[in-house]
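Let's take a friendly walk through a protein model, with pockets, a sheet and charged pairs as our stops. Keep the 3D view open and turn it as you read.

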Amino acid sequence: MKQQLQFNTPWIPQRADPYVLRHTDGKYYFTASVPAYDRIVLREAADLASLADAPEHTIWKAHKLGPMSKHIWAPELHFLFGKWYLYFAGGEKTNIWKIRPYVLECQGSDPLRDPWVEKGKMQAADGDVFSFRAFSLDATVFEHRGEWYYVWAEKVSVGPQISNLYIAKMANGYTLKTKQVLLSSPDYDWERHGFWVNEGPAVIQREGKVFLTYSASDTGVHYCVGMLTADADSDLLDPRSWHKERWPVLATDEAKGVYGPGHNSFTTDSEGRDLLVFHARTEAEITGNPLYNPNRHAMLQPIRWENGRPIFSFDNSIA
């Protein structure tokens, strides 16, 4: 019997930063950060619900030393320029916060079983002296009108460091074509709990708009989701094209027992209805450092569309 999807409750336990891709052939793929932060895993299934029990394949392991040897975070699987790519962040054992974005390229058509090669750190465009020079992570990519865009979080070296969101066009799967453009800084109090953070971007395009969600604040109960919106006809590399919501679009709901929702991606079910994929906790009290507490669980949520805008909530209804 086909499994039924359960919303706003742990779907895949202890998998933070969840990313789901529904490929053009209808097959679903799942990846996420594992609690040990030491590998990249993939699952595949014919339908979304079956991903929960699908076998997990380790397709890459962290190095023992040097770059990509510590804090392997937030992998995303994408198919672009005719190949499979995995985007992720990693640090170094001797400098664990030297986090940079890296790229793997699959050498075949099957991302679970064909070999992957390391393309190294994501490459900035010629003349860009800023991108990936400091703490950089949480890259996502999306296609818009024949161009591929790369969006990521990077800290600026001011005071305690502030994590901003940047965007650029891509020349290929591992090189930027344009210099970085600043999209968003943590301007509001709800983006500044613990740390001043904008990270974890994700994109969904509907209704003539480009919606870019992101996560804010530290990784505990204050973690939440904000959103930027641009017209599909606008220049996405122009910061003036983007409108930022004044308040988070998804945040802790104590009544529903969902704490610190964030780092989302988007997918569709078998009927084409839009779903939010995110991680959250089920307890308000966190044991130890929130970053290393494993109890961030992958969850699903139906998206309701009102007046051309996505509405995120914990009511479990699909319009």
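Strand β14 gives the most residues to the lining of the largest pocket, five in number. Before going further, note that this is a predicted model, and every value below was computed from it.

**The largest pocket**

How much space lies in the largest pocket? The answer is about 620 Å³. Its lining is made of 24 residues, and the ones nearest the centre are Tyr19, Leu21, Val141, Val203 and Phe266. Five elements give two or more residues to this lining: β1 (16-22), β5 (70-80), β9 (136-144), β14 (198-206) and β18. If you sort the lining by class, you get eleven nonpolar, eight polar and five charged residues.

**The second largest pocket**

The second largest pocket has a volume of about 520 Å³. It is lined by 24 residues, with Trp73, Phe135, Phe195, Thr219 and Leu291 closest to its centre. At least two lining residues come from β5, and at least two from β9. You have met both strands already, as they also give two or more residues to the lining of the largest pocket. By class, the lining of the second largest pocket holds twelve nonpolar, six polar and six charged residues.

How does one find such spaces at all? Rolling a probe the size of a water molecule over the atoms shows where empty space is left.

**A sheet of three strands**

Strand β18, which helps to line the largest pocket, also belongs to a sheet. Three strands make up this open sheet, in the order β18-β19-β20, and their pairing is antiparallel. Which strands stand at the edges? They are β18 (259-268) and β20 (297-302); each has a single partner strand, so one side of each is left without a neighbour in the sheet. From one strand to the next, the twist averages 30 degrees.

Now zoom in on β18 and β19 (residues 274-281), which pair in the antiparallel sense over six bridges. In one of these strands you will find Phe266, whose bridge partner in β19 is Leu276. Phe266 is also among the residues nearest the centre of the largest pocket, which makes it a good landmark to look for. As a general point, strands of a sheet pair through backbone hydrogen bonds, either parallel or antiparallel.

**Charged pairs**

Side chains of opposite charge can pair when their charged atoms come close. How many salt bridges does a search of the whole structure find? There are 21 salt bridges. Here are some of them:

| Salt bridge | N to O distance |
|---|---|
| Arg39 and Asp38 | 3.0 Å |
| Glu147 and Lys169 | 3.5 Å |
| Glu306 and Arg304 | 2.8 Å |

The pair of Glu147 and Lys169 links distant parts of the chain: Glu147 sits in strand β10 (residues 147-156) and Lys169 in strand β11 (residues 162-172), 22 residues apart.

Are these side chains buried or exposed? Residues between 20% and 50% relative accessible area count as partly exposed. Glu147 has 23% relative accessibility, so it is partly exposed. Arg39 is partly exposed at 28%, and its partner Asp38 is partly exposed at 27%. Glu306, at 36% relative accessibility, is partly exposed too.

Salt bridges can also join into a network, and one such network links Lys27, Glu44, Asp110 and Arg113.

Key. Residues are numbered from 1 along each chain as its sequence is written. This is a predicted model: local features need pLDDT of at least 70, side-chain atom pairs count only at pLDDT 80 or more; totals for chains, interfaces and linings use all residues. Side-chain values use heavy atoms; hydrogens and water are left out. Two strands pair if DSSP finds at least two bridges between them. Helices (H or I, at least four residues) and strands (E, at least two) are DSSP runs, numbered from the N terminus. Axes are lines fitted to C-alpha atoms, for helices over the stretch in contact, and angles run from 0 to 180 degrees between N-to-C directions. A salt bridge is a side-chain nitrogen of Lys or Arg within 4 Å of a carboxyl oxygen of Asp or Glu. Buried means under 20% relative accessible area, exposed over 50%, partly exposed in between (1.4 Å probe, protein chains only). On a 1 Å grid over the protein atoms alone, a cavity is a set of points where a 1.4 Å probe fits but cannot get out, and a pocket is an open set with protein on both sides within 12 Å along at least five of seven lines; lining residues have an atom within 4 Å of a point. Grid points are joined across faces, edges and corners, and a volume is the space filled by probe spheres set on the points. Ala, Val, Leu, Ile, Met, Phe, Trp, Tyr, Cys and Pro count as nonpolar, Asp, Glu, Lys and Arg as charged, and the others, Gly among them, as polar.
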